[in-house]
Amino acid sequence: MRRPSRPSGNYSNRLENKLALIDKNGSEPKSANSQGRRVIIIGAGPAGLTAAYELCKHSVPAVVLEADSVVGGIARTVNYKGYSFDIGGHRFYTQWDEVQKIWEEILGDSFLLRPRLSRIYYRKKFFSYPLVAKNALFGLGLLEALRTVASYLRARLSPSPQEENLEQWLCNRFGRRLFENFFKTYTEKVWGIPCSEIHAEWAARRIRGLSLASALRNALWRRKRPGAKTLMNEFHYPERGPGQMWETLAARLRARNYPVLTDHRVVRIRHRNGKLTGLTTAGPEGEKHFEGTDFISSAPLREVIDCLEEPAPEEVRRAASRLRYRDFLIVSLIINRKDVVPDNWVYVHDPSVRVGRIQNFKNWSPAMVPDPNKTCLGMEYFVFKDDDLWSSADAQLIDLAGKEIAQLGLVRPEEIEDGVVVRMPKAYPVYDRGYLEEVNTIRHYVEQNLTNLQLVGRNGMHKYNNQDHSMMTALGAARNILGAHCDLWAINTEPEYQEEKTPPGGGELPRPAYEEPPQVGAPKPTCLE
Ligand SMILES: Cc1cc2nc3c(=O)[nH]c(=O)nc-3n(C[C@H](O)[C@H](O)[C@H](O)COP(=O)(O)OP(=O)(O)OC[C@H]3O[C@@H](n4cnc5c(N)ncnc54)[C@H](O)[C@@H]3O)c2cc1C
């Protein structure tokens with residue numbers, strides 16, 4: 001097991017502290033501006049805790065209010081009978097030295113550098129991830145390879161005249177056969193909509209100038225880009241899961257008199273004369289009131305608008321009610337076997353099962369299992385809250401997960417000892433058609449009418465922010481209170497912030513739509529909560 005190392009020179013030089021770039025005036029935070037300030041932070045996920053940490057470093061009083069009984073938000077770690085698991089595996093990956101430094105500051109030697117192996121499982125075979133053209137073509141046998149090539153040639157000779165959706169776009173470039181084998185099922189499992197409803201623009205933006213022929217050419221002749229290995233093949237991870245990071249930070253804040261109050265759900269927000277004045281929380285101890293001079297929220301945008309005591313204009317409330325989320329549930333199975341697969345996680349492309357991805361937590365860190373002779377597999381299901389799966393009883397879900405892992409041929413039924421279910425609502429903000437206008441309507445209203453409130457994080461900005469992006473928005477918000485001028489909305493917009501977006505050389509095929517949410521069609525009323 002490797003302990004943390006500083007990022008390679010290339011990595012850190014290219015991507016120096018980006019926060020300086022987003023401070024419009026290039027100014028340093030001024031502690032003098034913070035006199036008499038008291039900051040109220042909504043949410044104790046990575047964003048909320050990072051904001052408090054930065055304010056603590058500058059001695060600005062702050063309190064964090066968390067609805068849940070634990071900290072970490074989506075990046076928490078759950079413990080069941082000594083087995084630890086994430087809500088989906090959480091790699092710690094960042095292009096900002098500053099974020100890396102905070103992680104190392106918090107966890108020191110417990111912040112591990114781990115090798116990565118993740119593959120695609122399809123028709124009881126493993127395929128490399130990212131998918132490599134040669135592997136995809138010949139992995140299913142010669143006959144399927146011939147069919148795939150024939151399907152590709154057919155697509156080239158008579159392409160679909162329309163390229164409006166992801167299905168048409170991919171079939172035109174890779175042939176229907178490859179699309180159906182490797183792109184369709186997983187993308188649809190993750191986003192819950194057919195590829196024919198996903199805009200082609202999403203693929204066109206991400207995957208330029210790539211086709212089956214060019215991927216094969218790359219595989220045969222082009223050398224791999226130097227440097228790609230570091231980003232793809234290793235990642236940082238806390239010894240006892242991501243929750244360890246956020247629990248340690250919360251404990252440190254509390255020790256320095258920065259309260260992190262769990263079971264405090266913000267239910268009402270008061271505002272007057274263009275400013276927030278206070279909040280009311282509800283929890284087991286009843287209602288409580290908090291007053292402050294500055295506010296930072298990582299709660300879902302929709303919730304913030306719903307909580308306003310003086311309601312926002314109709315147009316803003318309508319925009320908030322139209323924001324959609326994809327929910328997520330994980331069934332963790334305890335397996336009585338030392339080693340099941342060597343992977344950290346496996347993408348399940350098989351359409352005959354509903355599980356989308358399988359996490360193998362002991363390969364993230366050996367400390368995630370209490371007994372080295374056992375394995376804990378996290379069966380991940382991407383759902384909407386009104387799906388049958390979400391409302392199924394835990395026992396039914398454990399049964400389903402057990403049957404699916406056995407059907408996939410990875411585990412024998414008698415090896416499954418136990419299981420547990422965790423549901424995470426609003427795991428993914430959905431980018432449907434028009435979502436950006438809705439977000440901008442809310443953002444504009446907040447900037448004009450709630451001038452001492454800053455929106456940060458993932459659902460807090462309805463943006464597909466990872467932990468590091470969420471932390472950067474939080475650092476920016478804290479520094480704005482200290483006198484800087486950071487544009488939080490500029491974070492996670494540059495292509496270079498994305499880890500695995502552009503298909504590099506080496507014959508890789510585009511990834512299904514799970515690294516970044518695609519734009520989907522108009523909202524279906526059934527998907528609204
Ligand atoms: C399946 C999955 C896998 C992921 N994998 C990775 C990964 O590998 N690497 C990575 O960096 N990121 C990953 N992420 C993203 C990561 O989880 C988020 O970026 C991160 O958790 C966002 O932090 P946040 O603080 O903005 O939001 P959250 O984690 O959502 O925290 C917000 C907090 O606010 C609280 N809250 C909400 N409403 C209220 C209210 N009214 N009052 C008080 N509190 C409230 C919530 O309970 C929550 O604790 C993954 C996400 C998912 C769903």
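Phe 361 is buried, with 24 other C-beta atoms within 10 Å. The cut-offs behind that label are simple: a residue is buried with 20 or more other C-beta atoms within 10 Å of its own, exposed with 12 or fewer, and partly exposed in between, the C-beta atoms being placed from the backbone. The model is predicted; local features need pLDDT of at least 70, side-chain atom pairs count only at pLDDT 80 or more, and totals for chains, interfaces and linings use all residues. Residues are numbered from 1 along each chain as its sequence is written.

Phe 361 sits in the loop between strand S16 (357-360) and strand S17 (375-383). Helices (H or I, at least four residues) and strands (E, at least two) are DSSP runs, numbered from the N terminus. Leaving out residues up to four places away in sequence, Phe 361 touches Ser 84, Phe 85, Met 368, Val 369, Cys 376 and Gly 378. Contact here requires C-beta atoms, placed from the backbone, within 7 Å. Cys 376 is 15 residues from Phe 361 in sequence, and their C-alpha atoms are 6.0 Å apart.

Two other loop residues, Lys 81 and Arg 123, are not glycines but have a positive phi. Most residues other than glycine have a negative phi.

| Residue | Phi | Loop | Other C-beta atoms within 10 Å |
|---|---|---|---|
| Lys 81 | about 50 degrees | S3 (77-80) to S4 (83-86) | 10, exposed |
| Arg 123 | about 50 degrees | S6 (118-122) to S7 (125-128) | 13, partly exposed |

Now the whole chain. The protein has 18 helices and 19 strands. Of its 529 residues, 47% count as buried. Among contacts with a separation of 6 or more, 74% join residues 24 or more positions apart.

The largest nonpolar core has 140 residues. Such a core is a set of buried Ala, Val, Leu, Ile, Met, Phe, Trp, Tyr and Cys residues joined through C-beta atoms within 7 Å. Those with the most contacts inside the core are Ile 41, Leu 49, Ala 51, Ala 52, Leu 333, Met 379 and Val 456. Strand S14 (residues 325-335) gives the largest share, eight residues. At least three residues come from each of domain 1 (9-78 + 100-111 + 239-320 + 431-497) and domain 2 (132-228 + 507-527). These bounds come from an automatic or database domain assignment.

Which residues does Ala 51 contact, leaving aside neighbours within four places in sequence? They are Ile 41, Ile 296, Val 456, Ala 474, Ala 477 and Ala 478.

Ile 296 also leads to a sheet. This residue stands opposite Gln 454 in S19. Strand S13 (residues 294-297) and S19 pair in the parallel sense over three bridges; pairing requires at least two DSSP bridges. The open sheet has five strands in the order S9-S2-S1-S13-S19, with parallel pairing. Strand S9 (260-261) and strand S19 (453-455) are at the edges with a single partner strand each, so one side of each lacks a neighbour in the sheet.

Finally, the ligand. There are 36 residues around the ligand, and Gly 43, Gly 45, Gly 73, Gly 88 and Gly 457 come nearest. A residue counts as near if its C-beta atom, placed from the backbone, lies within 6 Å. Helix H3 (46-57), strand S10 (265-272), strand S18 (416-429) and helix H18 (467-481) each supply at least two residues of this shell. The shell divides into 14 nonpolar, 15 polar and seven charged residues. Ala, Val, Leu, Ile, Met, Phe, Trp, Tyr, Cys and Pro count as nonpolar, Asp, Glu, Lys and Arg as charged, and the others, Gly among them, as polar.

Terms used. Contact = placed C-beta atoms within 7 Å.
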